[in-house]
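Here are some short exercises to work through with the structure on your screen. Try each task before you read its solution.

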Amino acid sequence: SPYRSPTRRHEFQTLLHQQGYVVDFQSEMLPIHTDETLWVREHAHLVRAPDGQVLYYEGTIENISEKRLAQQMLEQRENLLQNLLQTIPDRVWLKDTDGVYLTCNNAFAHNLGATQSQVVGTVDSDWVGAEHAQAFAATDQMASRAGTTVTIEEGMPTPLSDDPGLWEIVKTPMHDPHGQLIGVLGMARDIRE
């Protein structure tokens, strides 16, 4: 099967001669008897004569089309979920069982004067101090213990303002496919008016 990219065979051979081997070399191929493309993973090494002269290549080719398609579908779903998350006007966040932010939307990050990537990996005390962080952790634990969604009304302090406002906050425990608690999803809507 020929490589879809006309330079791919040259890249493979160059790597093989530079290193003496190639591992996990992924390429799109054009099968001869069908219009469909397929993805392959190649592993190979040079076999040399005692004087060092290259005799031949030896290796394996594995069809990874299904794995590649599954990965593409996963990436598409991930992008869709991220786009959906960002279009929600309410503040949305997800923390793990240790209170570390796994993700949030722009509305939530903006409240902290940050970007989404700056929030991920942090904890509440990084943004609002120990006292407020303890209060947030208590309501996270309340939702976790209840095993169901809890709704509370409280302020949401921010480093940007002394006014915490009044928010309807919905916290939902999140579980993996085996029922293990993995964190708490939060959503907050401004209800002051």
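**Exercise 1. Decide whether V47 is buried or exposed, and find what surrounds V47.**

Solution. The model is a predicted one, so please read each step as a statement about that model.

- Step 1: V47 has a relative accessible area of 17%. The cut-off for buried is under 20%, so V47 counts as buried.
- Step 2: Next, place V47 in the fold: the residue belongs to strand β2, which covers residues 38-48.
- Step 3: Now list the contacts, leaving out neighbours within four places in sequence. V47 then touches Q53, V54, L55, Y56 and E58.
- Step 4: Finally, look further back along the chain. G20 is 27 residues from V47 in sequence, yet the two C-alpha atoms are 8.5 Å apart in space.

**Exercise 2. Work out the order of the strands in the open sheet, and say which strands stand at its edges.**

Solution.

- Step 1: Start with the overall inventory, which is 6 helices and 8 strands. In sequence order they read α-β-β-β-α-β-β-α-α-α-α-β-β-β.
- Step 2: The open sheet takes 5 strands, ordered β5-β4-β8-β7-β6, with antiparallel pairing.
- Step 3: β5 and β6 (150-154) each have a single partner strand, so they are the edges and one side of each lacks a neighbour in the sheet.
- Step 4: From one strand to the next, the twist averages 20°.
- Step 5: Zoom in on one pair. Strand β4 (residues 91-96) and β5 run antiparallel and are joined by 3 bridges. Within this part of the sheet, K95 faces Y101 of β5.

**Exercise 3. Find which strands helix α6 touches, and describe the setting of T139.**

Solution.

- Step 1: Helix α6 (residues 130-146) packs on the sheet and touches β4, β6, β7 and β8 (181-190). The direction of α6 makes about 50° with that of β7.
- Step 2: T139 sits in helix α6. Its relative accessible area is 9%, so T139 is buried.
- Step 3: Beyond residues up to four places away in sequence, T139 touches I152, E154 and K171.

**Exercise 4. Locate the largest nonpolar core and say which elements give two or more residues to it.**

Solution.

- Step 1: A useful starting point is that nonpolar side chains in soluble globular proteins tend to be buried together.
- Step 2: Here the largest nonpolar core has 13 residues, and those touching the most other members are W93, C104, F108, V119, M156, I169 and A188.
- Step 3: Two or more residues come from each of β5 (101-104), α3 (106-111) and β7 (167-175).
- Step 4: Another core lies apart from this one; it has 10 residues, including F12, L16, V22 and A44.
- Step 5: Return to A188 for a closer look. Setting aside neighbours within four places in sequence, A188 contacts D90, R91, W93, M156, W167, E168 and I169.

**Exercise 5. How does the radius of gyration of the chain compare with that of a compact globule of 193 residues?**

Solution.

- Step 1: A compact globule of that length would have a radius of gyration near 16 Å, whereas the chain has 26 Å.
- Step 2: Check the dimensions: the C-alpha trace spans about 80 × 40 × 30 Å along its principal axes.
- Step 3: Add the burial figure, which is 30% of the 193 residues.
- Step 4: The accessible surface comes to about 12400 Å², and carbon and sulfur atoms account for 53% of it.

Note on methods
Residues numbered from 1 in each chain as written. Predicted model: local features only at pLDDT ≥ 70, side-chain atom pairs only at ≥ 80, totals over all residues. Heavy atoms only, no water. Core = buried A, V, L, I, M, F, W, Y, C linked by side-chain atoms within 4.5 Å. Buried < 20%, exposed > 50% of the residue type's maximum accessible area, 1.4 Å probe, protein only. Helix = DSSP H or I, 4+ residues; strand = E, 2+ residues; numbered from the N terminus. Contact = heavy atoms within 4.5 Å. Pairing = 2+ DSSP bridges. Axes fitted to C-alpha atoms, helices over the stretch in contact; angles between N-to-C directions. Rg over C-alpha atoms; globule rule 2.2 N^0.38 Å. Areas by Shrake-Rupley, 256 points an atom, 1.4 Å probe, with all protein chains shown as cover.
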